[in-house]
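Visitor: I would like to take a close look at a single part of this model, and then follow the answer outward to whatever surrounds it.

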Amino acid sequence: MEEKLLQLIEKQARYSVSDLAMALQESEENILETMSELERKRVICGYHTLVNWDKTNKEKVQALIQINSTPEREYGYDRVAARIARYPEVDTLYLLSGSSEFIVEVSGKTMQDVAMFVGSKLACIEGVTGTSTLFVLKKYKKAGMLLEDNEDRQERLVVTP
Amino acid sequence: MIDYESYLNTTVRDLAPSGIRKFFDLANQIEGVVSLGVGEPDFDTPWHVREAAIYALEKGKTFYTANPGLLELRKEICAYQKRKFNLDYQEDQVLVTVGGSEGIDLACRALLNPGDEVILPTPSYVAYSPAIALSGGITKYIELKEENGFKLTPEMLEAALTDRTKILLLNYPNNPTGGTMSRDDFALLVPIIKKYGLIVVSDEIYAELCYDEHFCSIASFDDIKDQVIVISGFSKAYAMTGWRLGYLLAHPTFIKAMNKVHQFVIMCANTMAQYAGIEALKNGDEGIEQMRLSYLARRNYLVEGLNRLGLKTFMPRGAFYVFPCIKSTGLTSKQFCELLLSEEKCACVPGDAFGDAGEGYVRISYAYSIEQLKEGLSRIESFLKKLDDGKVKV
Ligand SMILES: Cc1ncc(COP(=O)(O)O)c(C=O)c1O
């Protein structure tokens, strides 16, 4: 049931507990309990909304920063990662295989903001040996969703055999 | 004045207009309708399949194919049927058609002589009796019962047999009831089919949409396999209704006969669609499973919702329809659907569109998101309340 529940709410966080109970043939208590348990175990890490800020008046820029780093004895990359992750400017942080160790998604108000943050904060973190900043120009798809969807689904007839 | 009607072929003239068509015309005039009335998936055709068709076009695959369809596609169909349903067919036992729809027509045309009888369990999909009539056949209806899960029982079958019976038409998982037949259920029919030499035309277009047990084809009984003509296609499983791609599986003698008609009437199925079909069969298993799981959640949601509203609803085990009984409202199927449409702008299909056996039921499709189903349920709820309060004029 856990997997089916997760599959349903991964795409739609707004199902009510009673909707989920009906769809999964479970009691509402059972759904609630399972969800709490999954939250506690941090399998469910939040119920966010996918916002395309580009369509609002809010000023926001995003950048992907490749970070080079050296590992530490005993800790590997975990302590560097923890230091990077603390900054609220950091939206996403992954450890990678390949030429750089981390990739970080950073957002700020302006390009200056982001550049400042990288130069004065990220680059100075102990264990970080280099950064390279890639500014995002346009977003097409995020979390499995096309941000512009120009397919026409109204074509389906109202009643068919 | 010329009476143009008098020129018409009398069988065509006398074909009853589809009850669905009439209801479509009604629903189509109303703005803001929440429809639960369609018989096609709401999912997009998986992208890899669409991409394969685009690539086929780019590569100039714009010519006719061999009449029975691309050899590679027929090979993939055989591999797929073996992999999924353990059916053994060779390429010369496959005919690629313009949807399951053409398959229904070809099977009737290739087999029926005027006066031959076809046993058709109902409620049933709307295309069968017209196809039978156009081939000069006579339809013998069997009324299936909700108590039996809309299954065909050996008693019912035997009672319908005459010495003109040639074909038994089966459609499981069923449109409109969502009923299925298990291997054990079929096993009871097999001796009768064998004994009387019936040809079974088995419309298995919903084979991939089984929720509680794996699909069993009646062609998997070796005793009668060569008496079975399987109709299948891509419309429902792969969300490919608009592509018009389906196929027939049968004994080479039947395939040859059906191909005779097909080659003159159709020539071959759409070439780009055939290339897309190859891709769908090769790499589509995962996509099918995702859609199946979505339908399953929707089915559960809808059946529970309807039962809570007091509409006794049989739990369908396949396809994407539920078939609740509305007899408790005292309305006929048509009245129910027309009033639901005019009072609440919600469109379902009256059960009698699928034959007399469907009277007292309505078909509700769950090829819709849970949000849409929720809206539909709330409209049905408020309609039932109005009925209870005597606020609806019949
Ligand atoms: C039972 C059944 N058979 C056949 C068809 C025809 O499907 P297609 O011609 O798209 O393959 C349908 C479509 O609604 C159906 O419900």
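Where in chain B is the place of P176(B)?

Guide: The model is a predicted one, and in it P176(B) is found in the loop between strand 5 and helix 8 of chain B. Strand 5 covers residues 165-170 and helix 8 covers residues 183-195, and P173(B) lies in the loop between these elements as well.

Both prolines deserve attention for their peptide bonds. The bond that joins N175(B) and P176(B) is cis, with omega about 20°, and a cis peptide bond also joins Y172(B) and P173(B), where omega is about -10°.

From N175(B), the residue that precedes the cis bond to P176(B), the path leads to the ligand, since a polar side-chain atom of N175(B) lies 2.8 Å from an oxygen atom of the ligand. The ligand itself lies between chains A and B, and 14 residues surround it, the closest being G100(B), S101(B), D203(B), S235(B) and K236(B). For G100(B), the approach is through the backbone, one of its N or O atoms lying 2.6 Å from an oxygen atom of the ligand. With R244(B), it is a polar side-chain atom that lies 2.7 Å from an oxygen atom of the ligand.

Another backbone feature of chain B is found at A319(B), whose phi is near 60°, a positive value in a residue other than glycine. This alanine sits in the loop between helix 11, residues 285-308, and strand 9, residues 321-322.

Helix 11 of chain B also takes part in a packing between the chains. Two packed helices are described by the angle between their axes and the distance between the axes. The axes of helix 1 of chain A and helix 11 of chain B cross at roughly 95° and come within 11 Å, which makes helix 1 of chain A roughly perpendicular to helix 11 of chain B. On the chain A side K4(A), Q7(A) and L8(A) take part, and they meet Q290(B), L293(B), L296(B) and A297(B) of helix 11. By class, the residues of this contact between helix 1 of chain A and helix 11 of chain B are 4 nonpolar, 2 polar and 1 charged.

Helix 1 of chain A, residues 2-11, packs within its own chain too: it meets helix 2 of chain A, residues 17-24, at an angle of about 130°, with the axes 11 Å apart. At that angle helix 1 of chain A is oblique to helix 2 of chain A, and the crossing of these helices is right-handed. K4(A), L5(A), L8(A) and I9(A) of helix 1 make the contact with L20(A), A23(A) and L24(A) of helix 2, so that 6 nonpolar, no polar and 1 charged residues are counted in the contact of helix 1 of chain A with helix 2 of chain A.

Chain B holds a further helix pair. Helix 2, residues 19-28, and helix 12, residues 333-344, have axes that come within 10 Å and cross at roughly 15°, which makes helix 2 of chain B roughly parallel to helix 12 of chain B. Helix 2 of chain B passes helix 12 of chain B in a right-handed crossing. The residues that meet are F23(B), L26(B) and A27(B) from helix 2 and C337(B), E338(B) and L341(B) from helix 12, and this contact divides into 5 nonpolar, no polar and 1 charged residues.

Definitions and conventions:
Residues numbered from 1 in each chain as written. Chains lettered and ligands numbered in written order. Predicted model: local features only at pLDDT ≥ 70, side-chain atom pairs only at ≥ 80, totals over all residues. Heavy atoms only, no water. Axes fitted to C-alpha atoms, helices over the stretch in contact; angles between N-to-C directions. Helix = DSSP H or I, 4+ residues; strand = E, 2+ residues; numbered from the N terminus. Parallel < 35°, antiparallel > 145°, perpendicular 65-115°, else oblique. Left-handed = near helix turned anticlockwise from the far one by under 90°. Contact = heavy atoms within 4.5 Å. Near = heavy atom within 4 Å. Polar contact = N/O pair within 3.5 Å; in protein donor to acceptor, adjacent residues only side chain to side chain.
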